[in-house]
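Visitor: Can you walk me through this one? I'd like to go from the overall picture down to a few odd residues.

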Amino acid sequence: MSTTTELTLRAQEMVPAPDIEYGQLAPVLIVIGAAVVGVLFEAFLPRRARYAAQALLAGLALASAFAAVVGLAATGRATTEAGLVAMGALAVDGPALFLQGVILLVSLVAVLTFAERRLDPRAHGRHVDSFAAEGAAVPGGEGEKAAVRAGFTTTEVYPLLLFAVGGMLVFPAANDLLTLFIALEVFSLPLYVLCALARRKRLMSQEAALKYFLLGAFSSAFLLFGIALMYGYAGSVKYAEIASVVADTNRGTTEALAGTTGNDVLLLVGGALLVMGLLFKVGAVPFHMWTPDVYQGAPTPVTGFMAAATKVAAFGALLRLLYVVLPGLTWDWRPVMWGVAIVSMLVGAVIAITQTDVKRLLAYSSIAHAGFILAGVIAATPSGISSVLFYLAAYSFVTLGAFAVVTLVRDAGGEATHLSKWAGLGRRSPLVAAVFAIFLLAFAGIPMTSGFAGKFAVFKAAAEGGAGALVVVGVIASAIAAFFYIRVIVLMFFSEPKVEGPSVAVPSPLTTTAIAVGVAVTLVLGVAPQYFLDLASQAGVFVR
Amino acid sequence: MSFPLLTAVAALPAIGAVATAAVPAARRTAAKWLALAVSLATLVLAAVVAFRFDPGGDRYQLTESHAWIADFGVRYELGVDGIGVALIALTALLVPFVVLAGWHDADPLEGRTPDRRWRPTQGFFALILAVEAMVIISFAATDVFLFYVFFEAMLIPMYFLIGGFGDRAGARDEDEAAKQRSYAAVKFLLYNLAGGLIMLAAVIGLYAVTADQLGEGTFSLQAIVEARQSGELAMAQNTERLLFLGFFLAFAVKAPLWPLHTWLPNAMGESTAPVAVLITAVVDKVGTFAMLRFCLGLFPEASAWATPVVLVLALVSIIYGALLAIGQRDIKRLIAYASISHFGFIILGIFAMTSQGQGGATLYMVNHGISTAALMLVAGFLISRRGSRLIADYGGVQKVAPVLAGTFLIGGLATLSLPGLAPFVSEFLVLVGTFTRYPAAGIVATFGIVLAALYVLVLYQRTMTGPVRPEVERMPDLRKRELAVVAPLIVLLVFLGVFPKPLTDIVNPAVEHTLSDVQKTDPDPEVEAAK
């Protein structure tokens with residue numbers, strides 16, 4: 001036998017060809033594949049054809065990925081057939097499929113707002129969207145003017161969106177720490193770019209992107225450092241193996257690490273760093289600093305997408321980390337999470353009161369909501385998981401709808417996000433103001449809206465999990481938060497309109513559909529949530 | 001399955017609200033007539049409810065029960081006892097008058113260009129009907145969660161009614177009026193929302209307790225009461241007290257009880273007279289009703305524990321409300337403070353834990369609704385004529401507008417509980433009921449009656465008697481529409497004052513049930529002592 005064949009044989013023994021379950025990975029593969037095709041579109045399609053092709057491709061990809069998720073759930077992958085795929089790198093189970101479904105639907109609606117081209121006035125006779133004519137051109141420079149004159153639009157946003165969605169789909173399903181990290185980067189990097197692409201107020205947009213990128217890089221570093229320490233602790237990056245070391249049923253498998261395996265210092269510091277990295281993405285206090293600036297500076301469709309989908313993905317990953325990897329540490333992480341939840345609720349609600357910009361207001365409100373969701377996470381019970389799943393579904397559509405309404409209120413400088421300009425909106429455009437009021441009431445958790453059902457679910461789970469005090473703080477924070485939501489409603493309906501106030505642009509059916517979906521989901525989940533609660537509670541079991 | 005009568009009573013105004021809101025901008029008058037027709041049809045249905053209700057029958061009748069949110073242990077459960085029937089009837093009765101009295105309150109300002117999309121008139125009447133629907137559901141709900149949902153949700157239409165359609169009199173210009181209005185609306189909402197959110201914590205706590213002890217969380221009032229009486233559900237003393245406080249606080253804000261009352265004078269002062277009637281005569285009754293049904297029913301021991309404090313607060317409300325009413329310069333705020341005093345009587349009657357006290361309190365809710373409606377609506381007609389809410393701006397009105405003055409006087413006399421008018425019966429019952437168990441409280445409360453005579457008669461004297469002020473010389477008397485509002489109310493006041501039996505027959509069995517929930521019986525008459 002020749003040496004080469006021997007080597008090949010040996011190599012085959014040592015590195016078995018990975019067994020990939022393409023069917024179960026279909027949602028991720030479809031989205032990432034479409035993103036790659038989108039990049040090719042950018043390279044090969046003529047400029048005229050790109051907008052329609054990209055928007056259609058993104059919509060189709062997300063819709064078929066959602067169909068794949070539904071198909072997987074229908075064949076029992078969420079419950080009885082749940083399992084690990086791709087050699088244990090990813091979990092296909094209830095929470096993963098539920099959250100993937102939510103992320104895909106949210107993104108599908110977000111694509112509608114991305115594709116809106118009626119709101120901005122035409123630039124040199126061509127329809128333009130909310131994104132910069134040419135992202136690389138210096139703001140205000142000759143290159144930008146030329147790009148605007150030529151009527152360029154940045155159709156790259158669609159592949160970027162798809163890549164981000166691909167990462168988000170993997171994030172809550174990741175079943176080892178490296179996959180988690182890669183998913184984080186895959187969805188974060190496109191988001192940094194998307195944030196920088198606003199057509200108006202470009203400097204602010206770029207500033208937001210830079211801040212987001214720097215702080216995001218920081219948090220990624222924390223996460224990575226945490227992963228390294230965890231590896232030192234358990235000798236593995238796989239969730240199940242780390243959990244078994246934590247539970248003391250396994251003394252580690254890597255001989256080189258025998259000296260550190262089971263060292264609790266590594267576990268605690270590593271675990272804390274991991275959780276920090278995720279809390280950053282969630283936007284919980286004290287890792288919330290980026291939220292207001294980024295929400296304000298990013299193009300509003302991106303803000304809406306990011307605020308809704310990122311939160312879903314990040315909470316999914318946080319849930320899996322705490323419930324699958326660190327259940328043995330519940331007594332250690334619970335007090336910390338208590339603190340984070342309480343501070344998030346109160347800081348978010350209190351600081352929001354002083355905000356004068358709609359987007360910043362919604363940013364602080366999202367911080368408060370992160371606190372509410374954490375209350376459900378802390379429950380550490382199956383009903384805690386399902387309540388968080390339900391809350392995320394409810395919250396993401398309200399958020400998306402609210403930001404879609406923000407894109408409609410405009411004056412000469414683009415979107416009029418300063419609150420004083422919203423005065424009297426209810427007089428001039430009762431319908432738009434009423435829709436926004438519905439979203440605000442849902443944020444405030446008024447009964448008959450999805451916000452109330454979600455809040456009730458998480459507080460109920462927290463109370464059953466023995467966190468009654470947290471419920472009381474949550475209720476107080478809700479009362480504070482109600483104040484500023486109501487203030488916006490007062491402004492819209494009870495103030496006299498300003499003479500030179502903004503006008504409400506008439507959107508194309510795209511944004512109208514997005515907002516209508518938001519309203520419909522808000523009301524349906526508020527009045528008849530039972531079906532979705534069932535769905536969430538069936539999906540509430542993690543595969544280990 | 002029988003016809004869901006209670007759902008129908010609530011659904012009719014709800015559908016009417018949607019229909020009214022959908023009337024095109026140019027057809028304002030059609031919207032008004034539609035709202036009036038819907039409210040009258042609701043009254044007919046409510047009358048059917050009252051006749052179908054058998055006072056001697058089961059405790060809860062006309063019950064409906066459907067699955068709603070199984071995950072939260074929530075069912076769509078409706079049912080009425082006598083107290084619920086009386087209050088549903090009151091609500092359905094008053095709303096047509098509110099609509100009729102507010103006929104022109106939401107007309108567009110003169111000189112304002114009509115806008116195709118902005119339809120305040122349609123909105124005004126739609127909101128009134130929406131409030132009616134939600135209040136009726138609250139009176140009929142026997143599921144705590146269902147009750148909570150509508151208890152909270154009714155704040156939103158109420159908020160828009162207060163903030164969006166203020167009284168145009170009393171402020172220097174439209175801008176300042178708008179500012180005061182939105183202040184009043186926000187104050188109303190924040191007080192009630194905060195109370196409601198505290199109640200939410202207690203509602204969740206109740207679920208946790210039932211889930212813990214019964215194996216499955218439930219919000220069904222009957223199920224919880226039965227489980228308590230059979231000993232299946234035993235709340236720890238502290239838990240029960242905390243939950244009671246959570247519920248009671250929300251109801252005390254709504255009712256309103258001193259010291260949580262300060263939103264009421266603002267809200268009633270700044271809103272139009274019909275909306276003020278809606279607040280104090282209809283919506284606030286949900287608070288006192290809920291004390292009877294939920295606080296006493298769910299937490300009997302904690303209710304007994306809290307009784308001394310609640311009685312003291314009720315007495316403070318009675319005296320404090322009356323004293324501040326005497327000091328008011330604004331007619332509507334005076335009526336608001338008078339209402340605070342009256343709510344003190346209602347709460348006193350409820351927590352006296354005697355059948356006369358609670359029966360009286362229930363009658364009081366109904367009679368106070370009618371008498372305040374009469375007084376407030378006539379006051380509203382008066383204010384709309386002169387464009388001022390200040391008492392000092394009036395004088396000698398009875399000479400130029402005798403009918404207006406006369407009806408105002410009757411409304412006022414009803415408010416001070418003159419024998420022969422309906423409120424007398426209830427106030428007397430409350431006092432007797434209180435006296436048999438808490439003589440000292442009864443004596444203090446009696447001072448409230450004296451003070452009531454003072455603020456009503458002084459108000460009448462300053463506005464209606466004396467020399468005719470030049471500004472009121474040309475004041476027209478009540479118009480036909482206004483008479484149609486006031487006359488039936490006065491007839492009712494007299495009728496129920498002379499012959500309260502139909503009402504007491506319906507209410508008394510329900511009160512007996514409530515008392516048996518808290519395991520209280522009337523104290524024995526002290527025959528020995530009298531010897």
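Guide: A word on terms before we start: helices and strands here are DSSP runs, at least four residues for a helix and at least two for a strand, numbered from the N terminus. By that count, B:Pro256 sits in the loop between helix H9 (237-254) and helix H10 (263-270) of chain B. Also, this is a predicted model.

Visitor: What is the peptide bond into B:Pro256 like, cis or trans?

Guide: The bond from B:Ala255 to B:Pro256 is cis, with omega near -15°. That loop between H9 and H10 of chain B also holds B:Pro259, and the peptide bond from B:Trp258 to B:Pro259 is cis, with omega near 5°.

Visitor: Where is confidence lowest and where is it highest in chain A?

Guide: Helix H1 (residues 3-14) of chain A is lowest, at a mean of 62, and helix H6 (residues 157-170) of chain A is highest, at 94. The chain A average is a pLDDT of 87, and 95% of its residues score at least 70.

Visitor: How many helices and strands does chain A have?

Guide: Chain A has 21 helices and 5 strands. Its radius of gyration is 23 Å, close to the 24 Å that the globule rule gives for 544 residues, so chain A is as compact as a globular protein of that length. The C-alpha trace spans about 85 × 60 × 40 Å along its principal axes.

Visitor: How much of chain A is buried?

Guide: 60% of its 544 residues count as buried. Helix H12 (residues 300-325) of chain A is mostly covered, with 25 of its 26 residues buried.

Visitor: What should H12(A) span, going by its residue count?

Guide: At 1.5 Å a residue, its 26 residues should span 38 Å; the end C-alpha atoms are 36 Å apart, which agrees.

Visitor: Next, the interface. How many residues of chain A touch chain B?

Guide: 29 residues of chain A are in contact with 32 of chain B. On the chain A side, H19(A) gives the most, with 12 residues. By class, that side has 20 nonpolar, 4 polar and 5 charged residues.

Visitor: And the core? Which residues touch the most other members?

Guide: In the largest nonpolar core, which has 434 residues, they are A:Val31, B:Ile88, B:Ile128, B:Leu348 and B:Leu377. Helix H7 (residues 174-214) of chain B gives the most to this core, with 20 residues.

Visitor: What does B:Leu377 touch?

Guide: Leaving out residues up to four places away in sequence, B:Leu377 touches B:Phe97, B:Ala101, B:Ala273, B:Pro274, B:Val277, B:Val485 and B:Val486.

Visitor: Back to backbone oddities. What is the phi of A:Met87?

Guide: Positive, about 55°, although A:Met87 is not a glycine. It lies in the loop between strand S1 (83-85) and strand S2 (90-92) of chain A. A:Met448 also is not a glycine and has a positive phi, about 80°; its place is the loop between H17 and H18 of chain A.

Visitor: Is each of those two methionines buried or exposed?

Guide: A:Met87 has 14 other C-beta atoms within 10 Å, so it is partly exposed. A:Met448 has 20 C-beta neighbours inside 10 Å, so it counts as buried; the cut-off for buried is 20 or more.

Visitor: How far is A:Met87 from A:Pro18?

Guide: Their C-alpha atoms are separated by 6.9 Å, although the two are 69 residues apart along the chain. A:Pro18 is in the loop between H1 and helix H2 (26-44) of chain A, and it counts as exposed because it has 8 C-beta neighbours inside 10 Å.

How values were computed. Residues numbered from 1 in each chain as written. Chains lettered and ligands numbered in written order. Predicted model: local features only at pLDDT ≥ 70, side-chain atom pairs only at ≥ 80, totals over all residues. pLDDT = per-residue confidence, 0-100. Rg over C-alpha atoms; globule rule 2.2 N^0.38 Å. Buried ≥ 20, exposed ≤ 12 C-beta atoms within 10 Å, placed from the backbone. Core = buried A, V, L, I, M, F, W, Y, C linked by C-beta atoms within 7 Å. Contact = placed C-beta atoms within 7 Å. Nonpolar A, V, L, I, M, F, W, Y, C, P; charged D, E, K, R; others polar. Expected span 1.5 Å × (residues − 1).
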